[in-house]
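Trainee: Let us go through this one together. I will ask, you reason it out.

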Amino acid sequence: MEKNGKKKWIVISIVAVVAIIAVCLIVVFTRNKKEAYRLIKVFDLDGRATISRAEIGDIDAYQNMVLESGDEVFQNEGMMTLKLDEDKYVYVEEQTRFSLVATGDGVNSKTTIELEQGAITNELQNKLPADASYEINTPNSSMSVRGTTYRVCTYLGEDGITYTVVAVFEGTVTTRLCYPDGTIADEEVSIEKGKQIIIYEDAETTDYLTGVEDIDYSIIPEDVLINLIEISENGTELSLTTDELKALLEKGPYTVTFMYNGSVFGTQTVENGAYAQVPTLNPALSGGWDFDFSTPITEDTEIHWK
């Protein structure tokens, strides 16, 4: 009986140890799974950026730096790409400031970007699960998506008015107005692929400056166009094809117009970065062209006779 009792306790002890180990493995596995899913890091950095972290202060960003929920990001110069989880990318432009809140796990991930100034392009490669969310808030608007590629730019205009421009390159983005008292409008406006909308906030109101309209690609920076080309080449069908996006980068040639007494004296076609040539003939015996011909031509230019 004594031997049987000892064997019984040995078996119970072994089972208990195995159970404890199994629980520990489950906890570790689950924790690692969550941390891996919510991994946020500096994927690429071309320039200089500062990360402000509570209780630590400012940290100079560096390649593969792991960010934390609550960090404030300021892109001083150049551009930076953040990678969230394994399928979300945020392309941060120069002079952009925002705070980042990323919580949850693979079933219920929640990402919120509070964009104070500047511009970011978001690429969500996969549709979000039903319980997940991805939002961007600016001083005058809030945007939510399920999975798409879009750019948000917010800035203070010379007129003292805060503007937000939302351009959608793939998918759909819904916007809602945010008022100075902190309330958010119930009405949602959907912006489809290839469209944009402009929101403004002045001393009196917050409203849409325009309706939904075609994207104005002339205000999209070259670095952003280059990122869009890469996204397109990786298989995402954007509002413009890869060739159309590349054509936007091929600036010029430009027209140089020579003016005399309010009339066109002659024109030249000049490639981007090349130089206009002094005309062989002059429109008058006295005077000269009011232009430094050692200046590269980077846009259509008028040169006047003085």
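**Strands and cores**

Mentor: The model is predicted. Of the 306 residues in the chain, buried ones make up 40%.

Trainee: How many helices and strands does the chain have?

Mentor: Start with the elements of this predicted model. The chain has three helices, and its strands number 18.

Trainee: Which strand joins E3 through 12 bridges?

Mentor: Take the partners of E3, residues 72–84, in turn. With E5 (residues 96–103) there are four bridges, antiparallel. With E4 (residues 88–92) there are five, also antiparallel. The 12 bridges, again antiparallel, link E3 to residues 40–53, strand E1.

Trainee: Which residue of E3 stands opposite Lys41?

Mentor: Lys41 falls within the 40–53 range of E1, which runs antiparallel to E3. Its opposite number in E3 is Lys83.

Trainee: Which residue in E4 stands opposite Thr81?

Mentor: E3 and E4 form a hairpin with three residues between them. In that turn, Asp85 has a positive phi of about 60 degrees. Across from Thr81 in E4 stands Tyr91.

Trainee: And in E5, which residue stands opposite Glu72?

Mentor: E3 and E5 pair over four bridges in the antiparallel sense. Opposite Glu72 stands Ser99.

Trainee: How many of the 13 residues of E3 are buried?

Mentor: The cut-off for buried is under 20% relative accessible area. E3 is mostly covered, and the count of buried residues is 10.

Trainee: Which strand gives the largest share of the largest nonpolar core?

Mentor: That core has 39 residues. Those with the most contacts inside it are Met80, Leu82, Phe98, Tyr134 and Tyr150. The largest share, five residues, comes from E1.

Trainee: How many residues are in the other core, the one with Met79?

Mentor: This core lies apart from the largest one. Its members include Ile220, Val224 and Leu225. Its residue count is 16.

Trainee: Is Thr148 buried or exposed?

Mentor: Thr148 sits in the loop between E8 (141–145) and E9 (149–156). Beyond four places in sequence, its contacts include Asn122, Leu124, Val168 and Val173. Its relative accessible area is 0%, so Thr148 is buried.

Trainee: What share of the accessible surface belongs to carbon and sulfur atoms?

Mentor: The accessible surface of the chain comes to about 17,300 Å². The carbon and sulfur share is 51%.

Technical notes:
Residues numbered from 1 in each chain as written. Predicted model: local features only at pLDDT ≥ 70, side-chain atom pairs only at ≥ 80, totals over all residues. Heavy atoms only, no water. Buried < 20%, exposed > 50% of the residue type's maximum accessible area, 1.4 Å probe, protein only. Helix = DSSP H or I, 4+ residues; strand = E, 2+ residues; numbered from the N terminus. Pairing = 2+ DSSP bridges. Core = buried A, V, L, I, M, F, W, Y, C linked by side-chain atoms within 4.5 Å. Contact = heavy atoms within 4.5 Å. Areas by Shrake-Rupley, 256 points an atom, 1.4 Å probe, with all protein chains shown as cover.
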